[in-house]
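Here are my notes from a pass through the coordinates, in no grand order. Have the viewer open while you read.

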Amino acid sequence: MEEPTKSTHFIRNIVIDDLDSGKHESIVTRFPPEPNGFLHIGHAKSICLNFGLADEFGGRTHLRFDDTNPLKENEDFAQSIMNDVRWLGFEWDALHHASDYFDQLYAWALHLVDEGLAYVDSQDADTIRAQRGTLTEPGINSPYRDRPTAENRDLFERMAAGEFADGEHVLRAKIDMASGNINLRDPVLYRIINAPHHRTGDTWHIYPMYDWAHGQSDAIEQITHSLCTLEFEDHRPLYEWYLAHIPAPSQPRQIEFARGNLNYTVMSKRRLRQLVEEGHVDGWDDPRMPTLAGLRRRGYTPESIRAFWGEMGVSKSESIIDMGVLENAIRNDLNDRAPRAMAVLDPIKVVLLNYPEGEEEFLEAALHPKDESMGTRQVPLSRELWIERHDFMEDPPRKYFRLKPDGEVRLRNAFIIKCVDVIKNDAGEVTELQCEFDPDTRSGMPGANRKVKGTIHWVSAKHAVAAEVRLYDRLFNVANPLADKDTDYLAHLNPDSLTVIDTAWVEPAALEGDGPAYRQFERNGYFIPDEKDSTADKPVFNRTVTLRDTWAKVGNR
RNA sequence: UGGGACGUCGCCAAGCUGGUUAAGGCACGGGGUUUUGAUCCCCGCAUUCGCAGGUUCGAAUCCUGCCGUCCCAGCCA
């Protein structure tokens with residue numbers, strides 16, 4: 001039906017070249033999260049890239065947990081990550097952990113020691129930092145740099161055996177303290193951490209640093225293309241130095257691409273964690289969060305997120321994508337798939353004066369205006385209805401198509417009504433609209449094609465189900481909360497990012513059926529029952545996204 | 001006065017081994033259809049590719065020099 005968007009980009013071109021030239025018979029990619037937080041929409045870009053490439057070219061993709069820091073990582077995060085990757089629609093060909101390679105990594109470190117390419121430094125962290133130099137000045141050599149090999153080996157083995165306290169020693173590569181690339185100024189391979197690891201338990205007292213673990217893990221797994229984000233460009237020379245100085249089982253290539261950022265939110269695990277831990281949001285899966293768990297709870301589909309990243313492409317220029325593009329992706333998806341229903345969020349009562357009291361009927365209404373295969377639903381109707389408060393104006397502006405005194409409007413899926421009287425309370429507020437309906441214009445009747453300007457949605461008061469509705473707005477009220485270095489990004493939190501409405505009325509059919517749970521509440525947007533709080537007694541709907549609203553746009557001008 | 005990268009329409013982003021009209025999506029503007037002011041359908045939307053020179057019959061694409069932005073000084077990843 002649709003032309004698949006062939007997203008061509010530089011990494012895809014590299015893969016094609018490598019396949020064409022015979023450098024690789026097939027490709028192996030990997031998605032390497034650290035299990036220290038939840039995945040967000042930015043990670044989804046990497047997931048789609050890695051798994052997408054392998055899928056397209058018949059390769060394989062590994063899920064590998066970069067679990068080299070036992071102080072920050074845990075199994076719960078690992079579980080949430082696996083859950084999110086699967087939810088996004090991908091299945092790894094193999095599951096690995098950097099911690100699976102601790103023995104091999106240790107052996108290779110010993111190899112570097114024996115080759116005179118690594119040494120044990122017994123200075124503290126502050127001293128090592130001071131000796132590293134600055135961005136413009138070279139560092140100076142550690143006094144331990146020329147420690148005899150035998151001594152290095154002895155010390156390193158005893159580090160591994162747990163004979164020392166945290167921070168007492170460190171194993172460093174012997175590269176170049178004067179390098180313009182700070183990563184090459186004798187980087188640390190191992191630090192002592194006397195803490196149990198969530199997978200290896202008490203086996204280790206030393207843990208490898210990212211740089212020492214990552215490329216080697218890639219090599220072990222025969223990864224062909226190791227895709228990472230731009231901030232690791234500086235690390236590539238080190239990545240390659242390590243692979244060149246050990247008997248590497250393969251030579252993976254690191255390629256960097258730009259992270260995917262969105263405006264009006266933040267996208268670092270550190271900040272997302274802060275939002276959670278300080279209670280600015282309800283948890284990692286708060287529907288306002290850009291986490292996959294949050295987006296899922298908000299009602300985003302995996303298809304929409306994959307389509308979004310497919311459209312965005314992959315490049316090396318840092319970018320902040322407009323939220324509107326993501327919203328467009330979910331609207332596109334849900335427009336095709338969401339069954340329609342009616343719900344009134346801010347109700348005002350309508351009484352049909354010429355509708356018999358005590359009577360009721362059921363109207364058949366399409367579940368989708370353009371897709372008959374989705375079938376129909378029964379919509380109950382009776383004398384008293386709820387309509388949206390803003391669908392009536394006593395003194396409307398020009399071009400207001402909705403209900404007004406003596407005006408006519410069509411009730412969606414039903415008939416045309418005319419407002420004949422407006423009832424107000426002592427405060428002058430409208431409390432009820434008395435209307436007359438035109439039975440000839442009932443859907444399906446010959447007179448139904450009579451035209452009126454407006455069509456509004458409604459629910460039968462007698463049959464409607466009370467529901468809570470949660471409306472969401474952007475989490476921050478400025479496009480880039482991090483732009484101003486002098487202001488804490490938390491100061492830009494949008495106080496109105498969540499609006500809870502507990503007065504909503506929903507048509508019964510919206511709660512039935514074993515089809516998808518998401519719905520389009522016509523004219524109000526796309527909604528999904530909240531996966532945690534919604535119950536049969538008290539349904540709770542999250543608004544995923546509004547519909548496009550050109551009328552509101554006119555009003556704002 | 002260090003090293004690495006990036007700069008094509010408001011936001012993304014093709015094109016960048018030079019060849020003549022600078023893809024596409026979002027946003028935006030205009031029109032049509034419509035029992036969702038939704039959807040859908042048309043149409044419009046960069047004489048210009050950070051700037052300045054140069055090479056060339058011809059440059060977003062090559063060269064030079066500027067300017068701007070981002071990343072790096074964790075025993076984090």
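Which atom of RNA strand B is 3.1 Å from a polar backbone atom of R523? Point 3 has the answer; some context goes ahead of it.

1. Bear in mind that this is a predicted model. Chain A comes to 13 helices and 27 strands in secondary structure. Its radius of gyration is 31 Å, well over the 24 Å from the globule rule for 557 residues, so chain A is more spread out than a compact globule. The C-alpha trace tells you about the extents too: about 100 × 55 × 40 Å along the principal axes.

2. Now for packing. Buried residues are 53% of the 557 in chain A. If you take the contacts in chain A with a separation of 6 or more, 71% come from residues 24 or more positions apart. The accessible surface is about 25,500 Å², and carbon and sulfur atoms hold 47% of that.

3. Back to the opening question: the atom facing the R523 backbone is a base oxygen of RNA strand B. R410 also has a base oxygen of the strand as partner, but through a polar side-chain atom, at 3.1 Å. With R191, a polar side-chain atom sits 3.0 Å from a phosphate oxygen of RNA strand B.

4. Zooming out on the RNA, 69 residues surround strand B, and R340, R402, S443, R548 and T550 are the closest. Sugar or phosphate accounts for 64% of the RNA atoms within 4 Å of the protein, with bases making up the rest. By residue class, the surface near the strand has 26 charged, 22 polar and 21 nonpolar residues.

5. Which helix gives the most to that surface? Helix 12 does, with 4 residues. Among the other elements that supply at least two residues each are helix 5 (125–131), strand 6 (188–192), helix 11 (302–312) and helix 13 (550–555).

6. One residue to click on is T544, in strand 27 (residues 540–545). Is T544 buried or exposed? Its relative accessibility is 1%, so T544 counts as buried, the cut-off being under 20%. Beyond its neighbours within four places in sequence, T544 is in contact with R298, G299, Y300, I330, L334, Y526, F527 and I528. The T544 side chain reaches the backbone oxygen of R298 at 2.7 Å. For a long-range pair, try T544 and R288: they are 256 residues apart along the chain, with 9.8 Å between their C-alpha atoms.

Technical notes: Residues numbered from 1 in each chain as written. Chains lettered and ligands numbered in written order. Predicted model: local features only at pLDDT ≥ 70, side-chain atom pairs only at ≥ 80, totals over all residues. Heavy atoms only, no water. Buried < 20%, exposed > 50% of the residue type's maximum accessible area, 1.4 Å probe, protein only. Contact = heavy atoms within 4.5 Å. Polar contact = N/O pair within 3.5 Å; in protein donor to acceptor, adjacent residues only side chain to side chain. Near = heavy atom within 4 Å. Nonpolar A, V, L, I, M, F, W, Y, C, P; charged D, E, K, R; others polar. Rg over C-alpha atoms; globule rule 2.2 N^0.38 Å. Areas by Shrake-Rupley, 256 points an atom, 1.4 Å probe, with all protein chains shown as cover.
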